[in-house]
There are 6 protein chains.
Amino acid sequence: MTNKLDKNTHVFIGCDKEYEKSDIVIFGTPFDGTASYRPGARFAPSAIRNESYSIETYSPYQDKDLCDSNIKVFDGGDLELCFGNTEKVLNQIKDFTDKILSDNKLPVMIGGEHLVSLGAVRAAYEKYPDLRIIHFDAHADMRDDYLGEKLSHATVMRRCYDLLGDDKIFQFGIRSGEREEFEFSEKHNFINKFDFDGLDEIINKIKDKPVYFSLDLDVLDPADFPGTGTPEAGGVSFKELLPAVFDALKLNIIGIDITELSPVYDPSGRSVSLACKLLREILLAL
Amino acid sequence: MTNKLDKNTHVFIGCDKEYEKSDIVIFGTPFDGTASYRPGARFAPSAIRNESYSIETYSPYQDKDLCDSNIKVFDGGDLELCFGNTEKVLNQIKDFTDKILSDNKLPVMIGGEHLVSLGAVRAAYEKYPDLRIIHFDAHADMRDDYLGEKLSHATVMRRCYDLLGDDKIFQFGIRSGEREEFEFSEKHNFINKFDFDGLDEIINKIKDKPVYFSLDLDVLDPADFPGTGTPEAGGVSFKELLPAVFDALKLNIIGIDITELSPVYDPSGRSVSLACKLLREILLAL
Amino acid sequence: MTNKLDKNTHVFIGCDKEYEKSDIVIFGTPFDGTASYRPGARFAPSAIRNESYSIETYSPYQDKDLCDSNIKVFDGGDLELCFGNTEKVLNQIKDFTDKILSDNKLPVMIGGEHLVSLGAVRAAYEKYPDLRIIHFDAHADMRDDYLGEKLSHATVMRRCYDLLGDDKIFQFGIRSGEREEFEFSEKHNFINKFDFDGLDEIINKIKDKPVYFSLDLDVLDPADFPGTGTPEAGGVSFKELLPAVFDALKLNIIGIDITELSPVYDPSGRSVSLACKLLREILLAL
Amino acid sequence: MTNKLDKNTHVFIGCDKEYEKSDIVIFGTPFDGTASYRPGARFAPSAIRNESYSIETYSPYQDKDLCDSNIKVFDGGDLELCFGNTEKVLNQIKDFTDKILSDNKLPVMIGGEHLVSLGAVRAAYEKYPDLRIIHFDAHADMRDDYLGEKLSHATVMRRCYDLLGDDKIFQFGIRSGEREEFEFSEKHNFINKFDFDGLDEIINKIKDKPVYFSLDLDVLDPADFPGTGTPEAGGVSFKELLPAVFDALKLNIIGIDITELSPVYDPSGRSVSLACKLLREILLAL
Amino acid sequence: MTNKLDKNTHVFIGCDKEYEKSDIVIFGTPFDGTASYRPGARFAPSAIRNESYSIETYSPYQDKDLCDSNIKVFDGGDLELCFGNTEKVLNQIKDFTDKILSDNKLPVMIGGEHLVSLGAVRAAYEKYPDLRIIHFDAHADMRDDYLGEKLSHATVMRRCYDLLGDDKIFQFGIRSGEREEFEFSEKHNFINKFDFDGLDEIINKIKDKPVYFSLDLDVLDPADFPGTGTPEAGGVSFKELLPAVFDALKLNIIGIDITELSPVYDPSGRSVSLACKLLREILLAL
Amino acid sequence: MTNKLDKNTHVFIGCDKEYEKSDIVIFGTPFDGTASYRPGARFAPSAIRNESYSIETYSPYQDKDLCDSNIKVFDGGDLELCFGNTEKVLNQIKDFTDKILSDNKLPVMIGGEHLVSLGAVRAAYEKYPDLRIIHFDAHADMRDDYLGEKLSHATVMRRCYDLLGDDKIFQFGIRSGEREEFEFSEKHNFINKFDFDGLDEIINKIKDKPVYFSLDLDVLDPADFPGTGTPEAGGVSFKELLPAVFDALKLNIIGIDITELSPVYDPSGRSVSLACKLLREILLAL
């Protein structure tokens with residue numbers, strides 16, 4: 001009972017280590033300020049923490065447990081981001097990611113909309129100029145601008161391209177975009193439509209490079225994951241995603257994000273639950 | 001900005017050509033007056049137009065775009081149909097379909113409940129007495145009457161049969177009905193339970209005939225498409241449906257409908273989104 | 001039937017006059033980019049148009065009808081606003097309001113979040129430097145900044161104050177804010193907490209002045225109007241609001257907005273329906 | 001436990017008497033086939049029975065209990081009505097009401113949409129040619145036709161007028177309709193806009209006549225009763241309605257209906273709960 | 001119409017035989033009193049009865065019909081269970097199951113949360129000391145206690161183990177639990193993670209034994225079955241479950257339950273609909 | 001930014017003082033294990049904390065602020081309560097309340113269902129044998145048992161009566177119960193049906209006594225507060241409740257609870273928001 005006399009804490013299940021002693025740092029970026037269609041990804045980090053207590057800490061897939069002594073994760077809560085000034089938000093995200101990277105810890109960011117990845121990638125690129133990005137998504141996000149704006153969920157990978165240059169971004173699961181986006185990615189990046197074909201080759205090719213892994217959860221089929229702002233039929237299943245994620249995590253991962261969960265569109269709660277389970281599997285696989 | 005000084009228009013994305021210059025005419029039939037279980041299909045045409053702006057005009061499946069210059073579609077909005085008098089509603093639908101057919105354009109009707117097909121089929125049959133029907137559905141819709149009524153969503157294909165006669169209707173995906181309906185279809189039509197087995201043969205067999213394509217969206221599994229009045233487990237996936245639709249559209253299609261989207265049962269919006277995507281693919285494939 | 005051969009239009013019920021011949025111009029500003037708590041006001045203009053067909057054009061309160069020949073309203077649809085760049089959005093709103101005002105028509109803006117008022121007020125102030133604002137709201141919106149940002153739904157009236165100066169803004173129904181906001185308004189503006197006490201006096205006092213009327217719908221009690229981002233118990237009822245609106249509209253009104261309807265939080269649809277009815281009453285009273 | 005060996009029964013709480021021994025007969029008419037805006041009233045009778053077990057049988061308002069020995073109510077379940085043929089549905093309702101009236105019992109019909117009243121009124125008028133109707137509603141329902149149809153929820157009171165003639169229908173709470181409907185009722189019936197003013201006089205005037213009481217639940221304000229197809233702001237509260245109902249029930253009531261509950265629009269369940277409570281109070285007051 | 005003069009009955013579609021003449025007895029146990037995460041399974045039996053009228057009595061999978069003369073099922077409605085006293089609830093369930101078994105009928109229990117199985121298993125074990133259990137579930141339910149409590153949805157199979165002993169329980173589809181639960185089941189029972197591998201062998205092995213079949217519906221993937229309290233990604237599909245159920249039903253089944261439907265989490269209604277369909281298939285296969 | 005390097009905390013807005021330095025202790029009791037109708041009150045404490053950041057810390061009603069230096073509140077989070085063993089849950093609540101009372105702090109408990117009050121009252125009675133209870137509620141909660149169980153949300157005030165004896169409990173707003181409950185309270189306690197009439201007298205009468213204040217939020221009308229398990233029409237408004245609460249808080253209050261918020265039934269979120277606001281007003285008034 002005495003624990004009730006400490007201040008109430010609110011972390012992802014099993015992620016209650018101290019910052020100094022942790023290898024991995026979770027933080028939330030509750031921002032969806034450029035969402036053009038349906039907002040709501042801002043509620044994802046809080047929902048993921050709340051609902052994480054409905055899953056187990058143990059994974060029967062990996063036979064590992066978040067309570068195992070060698071798993072050391074700190075949950076830093078959410079950054080306090082202000083809507084209405086996108087550049088400032090990205091700077092806040094970059095600054096916090098800088099801090100984590102400079103302390104030689106692995107940042108695991110919970111979005112928010114996909115644009116938040118840009119803040120983290122800017123920090124990662126600064127430290128690792130030879131950075132690669134593995135990108136799972138339904139949408140190419142390769143527009144040069146969206147209604148005239150350069151900073152948008154629909155342009156985020158193009159902005160990453162601007163930083164990293166040719167042949168550094170590897171896209172999988174893409175099934176929506178303008179013709180120009182597909183053409184751009186075919187020319188300047190690697191793009192695989194619809195599924196994970198070719199992932200093995202890419203992994204082999206970049207296995208010695210520092211890799212940022214950007215996982216837009218709408219790569220999943222809406223049947224598995226309805227809780228997202230822009231559901232796009234024809235996606236991959238959870239059973240297809242999980243081994244692909246495990247494969248990607250064998251790389252030299254230096255940063256991760258999972259984005260675009262929007263809990264409000266899924267009254268069953270299974271999208272949040274799936275995101276929690278996926279986050280557990282990611283933390284255990286790292 | 002000056003465009004704001006024209007009257008506001010409301011069409012399916014990319015379907016803003018003039019009637020006279022169009023090859024294809026979309027129109028909505030917001031009617032669910034015989035729905036015996038859960039109504040709501042009346043809201044489908046409006047929802048499809050509203051949400052169509054969340055999808056792209058470009059198809060990575062076909063590498064075509066609704067904005068390509070050779071795609072000419074007019075969206076005529078919704079017919080104003082009165083609930084309570086079913087025969088009159090069918091006449092309104094028939095009249096408008098007549099007009100489109102007589103102008104040598106292709107009608108693409110967005111229901112509404114499945115009974116609306118009967119109005120369009122009556123018009124199509126008048127112009128094409130040798131008409132065939134390809135029918136994708138979860139339900140046989142082959143009852144002779146429903147609680148004594150001859151005009152019902154549950155009898156629509158039987159009424160089509162009354163017009164067309166033996167061996168003209170080809171049913172796929174059917175997984176619900178009375179024993180008598182299955183027996184009737186086995187005797188007088190072609191019926192394939194559960195999936196699209198046999199579609200190739202049928203396509204080959206009727207490839208020289210005029211074909212009406214009636215696509216009841218509840219042929220999809222409720223996992224993919226929960227937004228429908230009578231969800232029936234065990235259906236086909238979107239990934240199975242799309243190639244089957246492409247196959248059917250290789251025929252000499254003279255009319256199409258998609259029916260039984262009921263947006264209210266799907267708070268994720270993915271059923272509407274899927275219907276928009278499917279409609280885009282249909283328009284591009286024609 | 002021939003009307004189906006025109007392009008589909010989508011206007012508020014009865015508001016189908018041409019721009020040139022109209023006295024009043026409705027337009028939507030689907031923006032909620034600074035919403036700090038729960039977004040969704042972006043969906044209000046579309047919902048109001050869609051659902052306007054469920055109300056009558058006739059008002060038994062005023063015995064007037066939107067179809068009466070002397071009522072001339074043009075609905076210009078929605079401005080295409082880009083999320084992520086707040087200043088640019090405000091400029092777009094200001095430009096369109098400028099155009100309406102310079103054509104000597106009355107702008108009636110449907111938000112969107114409350115910040116959109118600032119764009120319209122900037123235009124109104126340019127034409128009418130002696131402008132007053134009548135402001136109905138649950139929230140004072142008088143912060144100088146919100147998490148460092150000057151442009152926010154929570155600062156909108158403070159920004160208006162920056163333009164207009166002392167004793168020009170008259171606030172009613174306010175029941176939430178920081179202590180400093182209440183103190184600021186008591187010192188520099190007129191503020192009435194909780195209800196419409198004192199409205200008569202204010203109306204008498206400013207009856208010769210040009211007046212902008214800014215109606216944040218969350219002034220209503222959430223019992224009457226649950227469909228809003230930040231519901232605040234203890235508000236006025238519809239039966240209290242309607243006569244207060246009629247009173248305010250007796251002034252020399254040169255611009256109006258209604259903001260902060262967020263349809264998604266009200267599955268009954270009655271918040272949208274109330275907004276439609278209120279808009280009808282406003283249009284008929286002008 | 002032995003009761004589990006009888007077939008499961010499903011009646012409104014406390015209404016488990018046998019038909020022969022009952023004074024009052026409840027029956028449901030799950031029909032909303034002419035609903036032009038939002039259907040769903042078909043689900044009301046089932047919802048009312050299901051949820052009735054969440055209320056008490058005892059009324060602290062009247063100090064009476066449905067279990068008191070002098071309260072004898074039979075619940076006959078729902079009529080099996082077919083959608084798509086409105087006239088036939090009305091005949092089914094009329095036939096069953098005829099039976100109840102000819103057995104000298106009091107019919108209490110649970111709609112369904114408001115048009116169902118016409119079936120019961122036809123039966124009542126046949127037995128009582130001098131019939132009066134007390135009508136509580138938000139909508140006048142006095143159109144001569146709706147989109148050309150004579151039988152509609154929007155015309156139901158006009159059809160009753162056609163039967164009964166001038167000065168037999170007394171309308172209260174009406175706050176929506178076409179100008180012509182209000183003018184018609186002012187000329188041929190009694191109409192009181194917005195509330196129950198004048199009810200006392202009317203009760204006094206018709207106290208010796210047979211009276212049918214038609215209670216469209218949307219007379220209530222949507223704040224109290226959001227679960228209805230066409231919510232109309234500005235209605236009466238439950239606390240205003242209850243005494244007005246008690247007053248009306250002092251008349252020589254020969255038939256009652258309550259209509260237009262549409263449970264699906266109220267996820268809180270309080271609209272169904274209110275309808276249950278109101279039905280209990282009506283049964284106890286009779 | 002005369003049927004309306006009997007008391008209203010409420011049974012699963014087609015299950016209207018009398019107790020004495022039936023081979024199978026359906027009953028509901030609306031209890032979710034130990035649900036630690038999200039309650040709601042209490043509403044399953046009522047929902048299943050209500051919605052059963054939306055499915056057909058005929059199965060195209062088995063070419064059998066609930067109306068066929070050799071199908072004799074009695075639906076006894078729901079046990080009246082009191083929340084707050086778990087042991088008492090289990091006794092009520094055991095007593096009623098005892099009665100059914102002693103009358104040589106087959107009990108088919110509709111939960112409720114999974115703990116209800118314990119009541120039925122206690123009765124079955126008493127009659128059949130050599131009992132086996134086939135258990136389909138997402139969760140192992142093998143904890144020895146849950147927060148100190150021995151009786152919980154999370155311990156139900158452990159309590160069954162306590163009764164039956166080693167090598168009597170056969171678990172399939174399990175994908176969530178503590179490490180200790182998996183280890184315990186591997187040691188004392190049979191457990192297959194994720195799917196139905198090994199089911200054939202087990203069926204062969206126990207084909208001469210009395211078998212209780214406990215079907216926790218959350219064995220299904222949440223894509224197919226979102227309406228459950230603890231959705232767990234990575235489950236089996238309906239198309240995988242159905243043949244596995246048919247296989248299990250070839251055994252000497254002496255009792256069945258289906259549990260953990262929680263209708264409130266699935267606004268599409270397809271989880272209830274799937275449960276109805278599955279129950280129909282089970283009843284026809286027995 | 002450095003604050004992100006502390007462990008994430010989760011308290012009611014402004015209630016971040018340390019236990020030792022606080023006068024008031026908030027704690028949650030997420031228990032709804034005896035809810036007979038609709039569960040969900042278990043989610044209230046978490047929802048109240050989450051959503052508290054959408055309200056201001058400042059009260060314009062009292063001109064006080066939770067950030068004022070003289071307001072010292074500690075939020076201890078939620079007790080970890082196990083469903084299925086009611087007596088044990090009550091003991092846990094009693095123990096924690098004992099601790100708070102023995103440290104001379106004021107316990108403010110956030111339910112949970114109403115039965116949780118019994119745990120706190122047992123502790124309060126032990127310290128203050130001359131205890132009185134002010135009870136605001138829609139339901140009398142005076143049954144001696146509910147389906148045979150002595151411990152139930154429906155019996156909680158009767159159990160309190162068993163402890164305290166005659167003329168110690170004062171009930172207001174009661175509008176539902178069995179006849180026996182009303183008769184019992186009239187004989188042994190004070191009961192005022194429907195509203196707060198007589199509250200002044202009672203306050204005057206017990207102003208020198210230690211008082212426990214039990215506020216079941218369903219005393220509010222469901223129009224104001226739909227988010228509760230058993231909505232009961234005819235309740236008091238927020239504007240009536242607030243001054244009554246302020247009046248009650250003038251007494252010698254030694255413990256408080258607010259119970260029966262069930263967030264899931266109110267998608268608008270206004271019930272949670274109202275509870276947050278009420279809790280703020282209570283904390284500021286103490």
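How far apart are the closest C-alpha atoms of chain A and chain D, which no contact joins? Show those two chains alone and check: the distance is 12 Å. Keep in mind as you click around that this is a predicted model.

**Stop 1: who touches whom**

Now swap the selection to chains C and E. No contact joins this pair either, and the closest C-alpha atoms are again listed at 12 Å. Next, bring up chains D and E. Twelve pairs of chains are in contact, and D and E share the most contacts among them.

**Stop 2: the D–F interface**

Hide everything but chains D and F. Select the contact residues and you should pick up 21 from chain D and 26 from chain F. Together the two chains bury about 1900 Å², with carbon and sulfur atoms giving 50% of that area. Put Glu56(D), Pro60(D) and Arg270(D) in sticks: these three supply 29% of what chain D buries against chain F, more than any other three residues.

Stay on Glu56(D) and add Arg143(F). The two form a salt bridge, with the closest N and O atoms 2.8 Å apart. Four salt bridges are counted between chains D and F. If you turn on polar contacts as well, the count is twelve residue pairs, both partners being at pLDDT 80 or more.

Which elements of chain D each supply at least two residues to this face? Colour strand E3 (64-65), helix H7 (238-249) and helix H8 (270-285) of chain D, and you have them. H8(D) has the largest share, with four residues. Recolour the chain D side by residue type and it splits into ten charged, seven nonpolar and four polar.

**Stop 3: aromatic rings in chain B**

Time for some rings. Over all chains, the structure holds 63 aromatic pairs. Go to chain B and select Phe136(B) and Phe213(B), an edge-to-face pair at 5.1 Å centre to centre with 80 degrees between the planes. Phe136(B) sits in strand E6 (residues 132-136) and Phe213(B) in strand E9 (residues 210-216), so you're looking at a link between distant parts of the chain, 77 residues apart. Phe136(B) is buried at 0% relative accessible area, and Phe213(B) is buried too, at 0%.

Widen the selection to Phe170(B), Phe172(B), Phe190(B) and Phe196(B). With Phe136(B) and Phe213(B), they form one aromatic cluster.

**Stop 4: a tilted pair in chain F**

Jump across to chain F and select Phe172(F) and Phe190(F). The ring centres are 5.4 Å apart and the planes meet at 40 degrees, so this pair counts as tilted. Phe172(F) belongs to strand E7 (residues 169-174) and Phe190(F) to strand E8 (residues 190-193), so the pair ties together parts 18 residues apart in sequence.

Buried or partly exposed: which is Phe190(F)? Turn on a surface and look: Phe190(F) is partly exposed, at 26% relative accessible area, while Phe172(F) is buried at 0%.

**Stop 5: Ala223(A)**

Last click: Ala223(A), in the loop between strand E9 (210-216) and helix H7 (238-249) of chain A. This loop residue is buried, with a relative accessible area of 5%. Select what Ala223(A) touches, leaving out residues up to four places away in sequence, and you get Arg270(A), Ala223(B), Asp224(B), Arg270(B) and Ala223(E). Then draw a C-alpha to C-alpha distance from Ala223(A) to Asp208(A): they are 15 residues apart in sequence, and 36 Å apart in space.

Conventions: Residues are numbered from 1 along each chain as its sequence is written. Chains are lettered from A and ligands numbered from 1 in the order in which they are written. This is a predicted model: local features need pLDDT of at least 70, side-chain atom pairs count only at pLDDT 80 or more; totals for chains, interfaces and linings use all residues. Side-chain values use heavy atoms; hydrogens and water are left out. Contact means heavy atoms within 4.5 Å. Buried area is the accessible area (1.4 Å probe) that two parts lose on being put together, summed over both. A salt bridge is a side-chain nitrogen of Lys or Arg within 4 Å of a carboxyl oxygen of Asp or Glu. A polar contact is a pair of N or O atoms within 3.5 Å; within protein, one must be able to donate a hydrogen and the other to accept it, and residues adjacent in sequence count only if both atoms are side-chain atoms. Ala, Val, Leu, Ile, Met, Phe, Trp, Tyr, Cys and Pro count as nonpolar, Asp, Glu, Lys and Arg as charged, and the others, Gly among them, as polar. Rings of Phe, Tyr and Trp (its six-membered ring) pair if their centres lie within 6.5 Å; planes under 30 degrees apart count as stacked, over 60 as edge-to-face and the rest as tilted. Buried means under 20% relative accessible area, exposed over 50%, partly exposed in between (1.4 Å probe, protein chains only).
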